[in-house]
Each structure stands twice: as C-alpha cells, then as structure tokens.
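Student: I would like to know how the descriptive terms for this model are justified.
Tutor: Look at the structure first, then ask.

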Amino acid sequence: MGLFDKFKSRPPASQEAPRKEEVTKAANRRAVLVGLDGTPCTLVRRFIEDGTMPNFRRLAERGSLLQMDTAIPDISSVAWTSFMTGANPGRHGIYGFLDLQPNSYKIYFPNSRHIQSETLWDAVGRAGRRSTVINVPSTYPAKPLNGVLVSGFVAVDLNKATYPPELVPRLREMDYRIDVDARKVQESHDALMDEILTTLDRRVKMLLEQYDAGRWDLFIGVVTETDRLQHFFMDAIENPGHKYHSAFREFYGRVDNFLGAIAERLRGETFMIMSDHGFTGIRQQVYLNRWLMDNGYLRLKDNARSVEDIDGGSRAFAMDPGRIYLNYKGRYPGGTVDKADAPALLGEIKRGLSEITAEGTPIIKRIYDRDELFNGPCLGFAPDLCVQPVYGYDLKGAVNKRELMDREVFTGMHTQDDATLYISAEAGPLRSGKPHITDIAPSLLDSMGLPVPQSMDGRSMLSRA
Amino acid sequence: MERKGFTLWFTGLSGAGKTTLARLVEGELKARGHKVEVLDGDVIRTNLSKGLGFSKEDRDTNIRRIGFVCDLLTRNEVVAIAAAISPYRAVREEVRRQIGSFVEVYVECPIDVLSDRDVKGLYKKALAGEIRNFTGVDDPYEPPASPEVTVHTDSETPEQSAARIISRLEELGLVAASQTEGYSEEDEEEVRRRLEALGYV
C-alpha cells in the first residue's frame, strides 16, 4: 500500500461536524503541543526506561506514547509543513529545503510564502480563537495570524520572523536565538555542544514566558536543538564510552525538565508532544547524483556546485535527500526526456538504484513513484521518484563528490518511521493505527472542538466511539 | 521605494470590522516605514463632525469632512485610513475623485451575522426601534460597485483580511513588497550557508 492510500481511504467520520453536545463540551478546550525536532520514539522509550526522562515517564503513564510515520522526504521543511497544514506535499507544495524555480535549474529556498495550504492556526483563528506558535520551522517570514508567531529554522531576520512586531524588543532583550549556529563544529565539538545547550536554555526560557503570557487557545512550542545534537552527536548515545555520552543524556535531561515545566502548568488542556522525524546513526552518506553520473543519466559542467550547473544531455538529477527528477522537455530549459519515455526510464533508474549495496547488503529500502506519495494542485512540482534508504545510509544531493559514498562530520541521519507522538489522556480514547504526521493537526482541532478543514489529508487520532 | 501618500477607505455596515482592520493595516504599514493616520468614523463624530445627525445630508457632510482631511494627509505623503460606514455611493465617488490616490475596501458581512454578533448592542436597539436611521436596518447601504478590495469578515479572520488588503496595496504599487517577501539575496546566501552546515546543500 502506498502511503497516500491511507488518505484516500479516510473514513467519512472525520469529515463530519462534531455533534452539538460535543461542541458545547469542547468549546472552551485548549491544547498544547511541544515539538522536539528529530527525536526518535525509540530514543524516548529508552530514556523513559533508563531514567533520563522522568517527566516524560509520568506523562506517558497517563497518556499514549506512539511511534509515528512522517512525510516523505523526511526532512524538517517537508515534515513541519505537513504537520502545520495536515496535508501532503502535493497539496502544500513544499518538497525540500531547496527547490528549482519553474522552467529553470535555478535553486530557490521555499519559505512560508510558498505554502499553498491553510495552516492549523488559520483554522483556529477562523473560529475566533488564538494561537501562540513558537519556533515551528518553515514559517518564515511570519505571516499575520490571530495570536503570536515566532518563526523557526530557516529564519534569518528576527523582525521578519515575529508577529506581532511588538514582540521583537523583548526577544532581543532575552538574547533569543532562532537557531543553533552549526558552523561552530568547525571550531570544535565542545564549542558546538556549548552552542546547543545555550540555545536550548534561551529557547526554553522564551517558550515558558510565552506560555505564561496566556492569551492562547492553542500553544505550539518547538525545540530544534534535539535535531542539531543528533546530527553531530548521534554516535555518542550509542557508545557509553564516548566523550559526549553523558552530555547527550544530560541534554535530554534538560529537555525533560522543560516537559516537566509544561506539565505542571497544564490546567486540563490536551497535551501533545511530537517530533517531525526520527534519527539513527550514519554508516555512509550516499550521493545519488554521483550514481546518476556514473550510470550515464546526468552530466555536469566542470567544477559544478549544485544541480544549477547541469550540462546538456542529462536525463535525470537528484535533490536532497532522495528526490529524483527526470529532465523533462518542456519542464526544464535543457530538458531531454519525452513524457512517453518516462515509464521505461523510471523503471530503469529504480532497478539500478535498488542494486546499490554496501558491505554486501542493499542500501535502498524502497523507491516511491510520485503518485504513490503525492496528490493535489502542487503535483506538477513533485519529484518523479523518492528514494528511501535503509537505516545508516544517508542520501544526499551534493554534486561535487568523486565517490558514491563517504563520511563527513555528521554522525546522525533522519528516519521516516520512528517519529514520536504523545497524546495525553485529556484527548480521550484514541483510534487504532499508526499515526502519520498529517494526523496531528486534525487531532488538535478535534480536541479543541473545532472542525477539520477539507484541505487536511490527515485523520484525527481521537476516537469517536 | 519612495513612500507615497494614499487614502485607504473602509466602507461597510456597523460592526463589520472596519476599525479592527484599519488598526491591523495601520500597524503593518507603520512597520514598513509609512506615516499613517486613522480617521475612525465613531471618533470623528465626537469632534470634527460633532453635532451632525444621521440624515442623508448630515451623513454626506460627515463623509466630505473626512474626505477633506484624507486629501490633506494624502498630499503630504501620509497614508490616510478612513473607517466609516459611508453608506452612500455617490459621496464616496466624489471623495475618490477629489483625492485621486484612493483605495476602497468593502468590508462585507451579512446583516444576520452582524445582528447576531452585535458587538456594540446597536442592532438590538435598532431592531427594537429604539434607534432610528440605522444603516442596514431602516436606512440604506449602497455597496461599492467596484471596490479595489472586498473582504468577507464572516468567513475570514481579521488577519487574513488585513493580509489580503496589504497584498492588494502591494499589487497597486502603493506599498513596497520587498519587506515581506521571503528571502532577499543576502538572506539566501545566509540560508545556503546554514543549510550547508547541516549537510542539506
């Protein structure tokens, strides 16, 4: 079954308006969601077991901790946009951190202006209720809403990241940081760890201050430092003898303190905790453009820095993380592929990719056709294939690599099937089935007694039984 | 971009959201470096138009006075925002011709929604006959024939309506778009560096 099938088979129950008595009962309900970027569910379970996260343990004892699937491609820009719109990329239009401008090979960086679907907080605002949304990635520049929004990754200018603008002076006063400066790793791992901890502390301080400022019906606060830690220190948690093993656990102890601080503030709100994808250790980085070049599908100009430097005669190219695009005539200025030839070419590329091995075993878990994953008005910009690797093999879009695989400074990579979703008992009984990241927005709206817009592909996790 | 003056004229029934939207747009335009003045109908009637009633003649006089001030402000590179019911089309058109740089926003909301909402408690009184000459109840309202923007405050949030007004002003070239577009060229370089640091580029 393709991932999209779950959307197609949505039972009609979630589209029905709540019954009147439910509306009345739920009308004043508020909801709180904490996002932990990139925190794997398996890691949460381990930290609950070994005592690293005692607050999460207490929460899990009176709620549901579930492993969740995230969007494909499983990177933050796509995943968080799928979260906030409850929609698949074919509808919301975000397929990666970078994309190509129409009829061109020129790269652009998608931002909030490119999101084509209504957000969760638009729906909350339409009902006359307020949202406080702090540090959700891909919300930059901040768009006006009924409430407060401070954009997350990749926000550049705090002025453009903040709505309403009156909040900016306070953020500056607090020395708030939008993101960890990952370039610190070039200085040293100590410097990067220090940067991660400092950014986390300032983030938590601001999140709690905004929580306490009240005036919200929906509070969303995201911690990004979890993801940054795992990109550079994932090897530390697997190895008790590692220099940063205890620092990794202490970091999660601080995250747990933050969860405890939220938990003690709750006054009957539905509380959810989520991550946008999981994480695992890297064995090798894999460069799909190298493979496409070696197999005669892609030609690049000398000293190419990106796919912008594609050369004539190319039939396909890859973009981070595992997106493959055919170089269609009509879609790209140097297009070579006729639509009629696409099925055979895609089949050939899929077979070839499936045969890549490392240490004697295949490294590709599954290759999705476009229509298995995406559906909606933005389908025309979708990649033709999305490649899912097995754990340990991180797919990359770099073009300047001489080898198919190598290692860089990174020790962690994203996973698609091990994201985290916690839902507190206040939400009532949950339906069965593994949650998908697009199910969160409908679940939050449902828990607040608000209707789920038709534009959302996900299904509420709340049971109506 | 040179900051030009213009008049942004909100028209619509009482309680439709003219003042709320005027204040939201005011905040956004100030943040973008414009000089802005709001002329609110309810406030104007307590000073500039004090003593005027609600006959057609008095209503038209009130609108001409607001229009006169808007014209002065517009000529001096100020964005003049008028939020007044201004029920009669002819006098609005007269003010438009006088000012020239004039953007009309029709704040549309069905009367049954307004009387349900009844924020100021006026619809109840008007329907009970305690207030006379109440627009939409026993006094006419003539919607604009071709406003630059129409917002539907029964189905949009104020923020969504305000954003639509701002983007129309951008389209008309009255407000610079660059401040709210995604990334500038310098931003893009910074975004690229940050994504490189995480291995995404």
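**Terms and values**

Tutor: Helices α10(A) and α12(A) are roughly parallel to each other. This is a predicted model, in which local features need pLDDT of at least 70, side-chain atom pairs count only at pLDDT 80 or more, and totals for chains, interfaces and linings use all residues. Residues are numbered from 1 along each chain as its sequence is written, and chains are lettered from A and ligands numbered from 1 in the order in which they are written.

Student: Why are α10(A) and α12(A) called roughly parallel?
Tutor: Their axes cross at roughly 0°. Angles under 35 degrees count as roughly parallel, over 145 as roughly antiparallel, 65 to 115 as roughly perpendicular and the rest as oblique, so α10(A) and α12(A) are roughly parallel. Axes are lines fitted to C-alpha atoms, for helices over the stretch in contact, with angles from 0 to 180 degrees between N-to-C directions. The axes of α10(A), residues 189–212, and α12(A) come within 11 Å.

Student: What makes the contact of α10(A) with α12(A), by class, 12 nonpolar, no polar and two charged residues?
Tutor: Ala, Val, Leu, Ile, Met, Phe, Trp, Tyr, Cys and Pro count as nonpolar, Asp, Glu, Lys and Arg as charged, and the others, Gly among them, as polar. In α12(A), the contact residues include A:R254 and A:R265, and Arg is in the charged class. From α10(A), A:M193, A:I196 and A:Y211 are among those taking part.

Student: How do you know that A:M84 is buried?
Tutor: A residue is buried if 20 or more other C-beta atoms lie within 10 Å of its own, exposed if 12 or fewer, and partly exposed in between, with C-beta atoms placed from the backbone. A:M84 has 27 such neighbours, so A:M84 counts as buried. A:M84 sits in helix α5 (residues 76–85) of chain A.

Student: What does A:M84 touch, not counting residues up to four places away in sequence?
Tutor: A:T119, A:L120, A:V136 and A:A441. Two residues are in contact if their C-beta atoms, placed from the backbone, lie within 7 Å.

Student: What makes both faces of strand β12 of chain A covered?
Tutor: A:A316 and A:A318 on one side are buried, as are A:F317 and A:M319 on the other.

Student: How do you know that β12(A) is joined to β13(A)?
Tutor: Two strands pair if DSSP finds at least two bridges between them. Four bridges join β12(A) to β13(A), and the strands run antiparallel. One of the bridge partners is A:L326, opposite A:A316.

Notes. Helices (H or I, at least four residues) and strands (E, at least two) are DSSP runs, numbered from the N terminus.
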